[in-house]
Amino acid sequence: MTLETIPSGHDRSKYLGGSDIAAVIGMSPWRTPLDLWRDKTTPRSDVQKAVFKRGQRWESVVAEMLIESLEAQGHTVEIIGTNNRYRDPEHAFMAAEIDFEIKLDGSDEVTNVELKTVHPFKLREWGESGSDTAPVHY
């Protein structure tokens, strides 16, 4: 199955993305299904846009730190793409944005990387440093 690329600047309100699914199934600690509906039907405020943009800015810093760490471990890293958006061909209302796509050590295999930044007060919810432990709603 090949995913369809969505051009940048698309209307995010027309798709359900990964961050929306926890609200859809009632597992989000901060959004209900009704909140999600409001988010999709009401334009974002300037405050919401600023918070979203701040998160995106931090992603590039974290990505750079990841590459430095991998290279320090002796890996070669080829960046294939950043913030590419894809739509499911069977369920056109479902979409995903892949933060970072890389190839390691000359491999043909593409590794998708999801980057998250978290407030220090929430750090304990993410498991031990270096682990893949994340809160279930992510």
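Begin by selecting Ile6 and Arg85: the bridge partner of Ile6 in S2 is Arg85. Strands here (E, at least two residues) and helices (H or I, at least four) are DSSP runs, numbered from the N terminus. The model is predicted, with local features requiring pLDDT of at least 70 and side-chain atom pairs pLDDT 80 or more, while totals for chains, interfaces and linings use all residues. Residues are numbered from 1 along each chain as its sequence is written, and side-chain values use heavy atoms, leaving out hydrogens and water.

**The whole chain**

Zoom out to the full protein. It contains 3 helices and 4 strands, arranged from the N terminus as β-α-α-α-β-β-β. Its C-alpha atoms fill a box of roughly 50 × 40 × 30 Å along the principal axes. Of the 138 residues, 22% count as buried (under 20% relative accessible area; exposed is over 50% and partly exposed in between, with a 1.4 Å probe and protein chains only). Among contacts (heavy atoms within 4.5 Å) with a separation of 6 or more, 47% join residues 24 or more positions apart.

**The sheet**

Next, display the strands alone. They form an open sheet of 4 strands in the order S1-S2-S3-S4, with antiparallel pairing; two strands pair if DSSP finds at least two bridges between them. Strand S1 (4–6) and strand S4 (111–113) are the edges, each pairing on one side only. On average, neighbouring strands are turned by 50° against each other, direction ignored (axes are lines fitted to C-alpha atoms, for helices over the stretch in contact, and angles run from 0 to 180 degrees between N-to-C directions).

Now add H3 to the view. This helix packs on the sheet and touches S2, S3 and S4, and its direction makes about 25° with that of S3.

Step across the sheet pair by pair:

- S1 and strand S2 (residues 77–87) are antiparallel, with 3 bridges.
- S2 and S3 are joined in the antiparallel sense by 9 bridges; select Asn84 to find its bridge partner in S3, Ile98.
- S3 and S4 run antiparallel and share 3 bridges; here Ile102 stands opposite Thr111 in S4.

The hairpin of S3 and S4 has 6 residues between the strands, and Asp105 there takes a positive phi near 55°.

**Strand S3 and Glu101**

Colour S3 by accessibility: 7 of its 10 residues are buried, so the strand is mostly covered. Then select Glu101, which lies in S3. Is Glu101 buried or exposed? Its relative accessibility is 7%, and it therefore counts as buried. Beyond residues up to four places away in sequence, Glu101 touches Glu78, Ile79, Ile80, Gly81, Asn84, Tyr86, Val110, Thr111 and Asn112. A distance label drawn between the C-alpha atoms of Glu101 and Arg12 should read 21 Å; the two are 89 residues apart along the chain.

**The nonpolar core**

Select Ala63, Ile67, Leu70, Val77, Phe100, Ile102, Val113 and Leu115, the 8 residues of the largest nonpolar core (buried Ala, Val, Leu, Ile, Met, Phe, Trp, Tyr and Cys residues joined through side-chain atoms within 4.5 Å). Helix H3 (46–72) and strand S3 (95–104) each contribute at least two of them, and H3 has the largest share, with 3 residues. Centre on Val113: apart from neighbours within four places in sequence, its contacts are Leu66, Ile98, Asp99, Phe100 and Ile102.

**The largest pocket**

Finish with Arg12, Ser19, Arg44, Phe52 and Lys116, which lie nearest the centre of the largest pocket among its 45 lining residues. A pocket is an open set of points on a 1 Å grid over the protein atoms alone, with protein on both sides within 12 Å along at least five of seven lines, and lining residues have an atom within 4 Å of a point. The space inside is about 1900 Å³, the volume being that filled by probe spheres set on the points, which are joined across faces, edges and corners. Helix H1 (18–24), helix H2 (33–41), H3 and S3 each supply at least two lining residues. Which element gives the most to the lining? H3 does, with 9 residues.

Terms used. 1 Å grid on protein atoms, 1.4 Å probe; cavity = no way out; pocket = protein on both sides within 12 Å on 5 of 7 lines; lining within 4 Å.
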